[in-house]
Amino acid sequence: MKHEAAIKYLKNAQGQVNSALKMAEDERYCVDISYQVLASIALLKKANDALLKMHMENCVTDAFKEGNGDEKIEEVLKLLNKMIG
């Protein structure tokens, strides 16, 4: 399994966070900083989506083939509940 897509999003998010931090330290306009923060959040969501997609395509599929898919379903449901709630 390769996490290339997630890594790309995470590195971009890291750059956005670093930029927002620098802007805050430089006491830049609050709304501009907020846009940087929102861009970071969007990239983190994309990274998470990529990871979940890969997990379901690989780990969950493999678990069902091996007869222990229920455990993976519970794992994904627990994660989804954290995302929603």
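**Close-up views of a predicted model**

**Figure 1. Glutamate 75 and its partners in the predicted model.** Glutamate 75 counts as partly exposed because its relative accessibility is 40%. The side chain of glutamate 75 takes part in a salt bridge with lysine 72, in which the closest N and O atoms are 3.7 Å apart. Both residues belong to helix H3, where a spacing of three residues means that lysine 72 and glutamate 75 are separated by about one helical turn. The side chain of glutamate 75 also makes a polar contact of 3.0 Å with the side chain of histidine 55.

**Figure 2. The surroundings of histidine 55 in helix H2.** Helix H2 spans residues 30–66 and includes histidine 55. With a relative accessibility of 18%, histidine 55 falls under the 20% limit and therefore counts as buried. When residues up to four places away in sequence are set aside, histidine 55 touches Val60, Lys72, Glu75 and Val76. Two of these names, Lys72 and Glu75, recur as the partners of a salt bridge. For Glu75, the link to histidine 55 is also a polar contact between side chains, at 3.0 Å.

**Figure 3. The salt bridge between lysine 53 and glutamate 57.** An N-to-O distance of 2.6 Å joins the side chains of lysine 53 and glutamate 57. The two residues stand four residues apart in helix H2, so about one helical turn separates them. Lysine 53 counts as partly exposed, at 49% relative accessibility. Glutamate 57 is likewise partly exposed, with a relative accessible area of 45%. In general, side chains of opposite charge can pair when their charged atoms come close.

**Figure 4. The salt bridge between lysine 22 and aspartate 26.** The closest N and O atoms of this pair lie 2.8 Å apart. Lysine 22 has a relative accessible area of 47% and is therefore partly exposed. Aspartate 26, at 43% relative accessibility, is also partly exposed. A search of the whole structure finds three salt bridges, among them the bridge between aspartate 26 and lysine 22.

**Figure 5. The contacts of glutamine 36.** Glutamine 36 is located in helix H2. It counts as buried because its relative accessibility is 18%. Apart from neighbours within four places in sequence, glutamine 36 is in contact with Gln16, Ser19, Ala20 and Met23.

**Figure 6. A nonpolar patch on the surface.** Phe64, Ile73, Leu77, Leu79, Leu80, Met83 and Ile84 make a nonpolar surface patch of about 630 Å². Helix H3 gives the most to this patch, contributing six residues. One of the patch residues is isoleucine 84, which lies in helix H3. A relative accessibility of 74% places isoleucine 84 over the 50% limit, and isoleucine 84 therefore counts as exposed.

**Figure 7. Confidence along the predicted chain.** The protein chain has an average pLDDT of 94, and 99% of its residues score at least 70. Confidence is highest in helix H1 (residues 4–25), at a mean of 97. It is lowest in helix H3 (residues 69–84), where the mean is 92. Helix H3 also holds lysine 72 and glutamate 75, as well as isoleucine 84. Where pLDDT is low, the predicted coordinates should not be read in detail.

Terms used. Residues are numbered from 1 along each chain as its sequence is written. This is a predicted model: local features need pLDDT of at least 70, side-chain atom pairs count only at pLDDT 80 or more; totals for chains, interfaces and linings use all residues. Side-chain values use heavy atoms; hydrogens and water are left out. Buried means under 20% relative accessible area, exposed over 50%, partly exposed in between (1.4 Å probe, protein chains only). A polar contact is a pair of N or O atoms within 3.5 Å; within protein, one must be able to donate a hydrogen and the other to accept it, and residues adjacent in sequence count only if both atoms are side-chain atoms. Contact means heavy atoms within 4.5 Å. pLDDT is the predictor's confidence in each residue, from 0 to 100. Patches are made of residues with over 30% relative accessible area and no salt bridge: like charges are joined within 9 Å, nonpolar side chains (Val, Leu, Ile, Met, Phe, Trp, Tyr) within 5 Å. Accessible areas come from the Shrake-Rupley method with a 1.4 Å probe; for residues, only the protein chains shown count as cover. A salt bridge is a side-chain nitrogen of Lys or Arg within 4 Å of a carboxyl oxygen of Asp or Glu.
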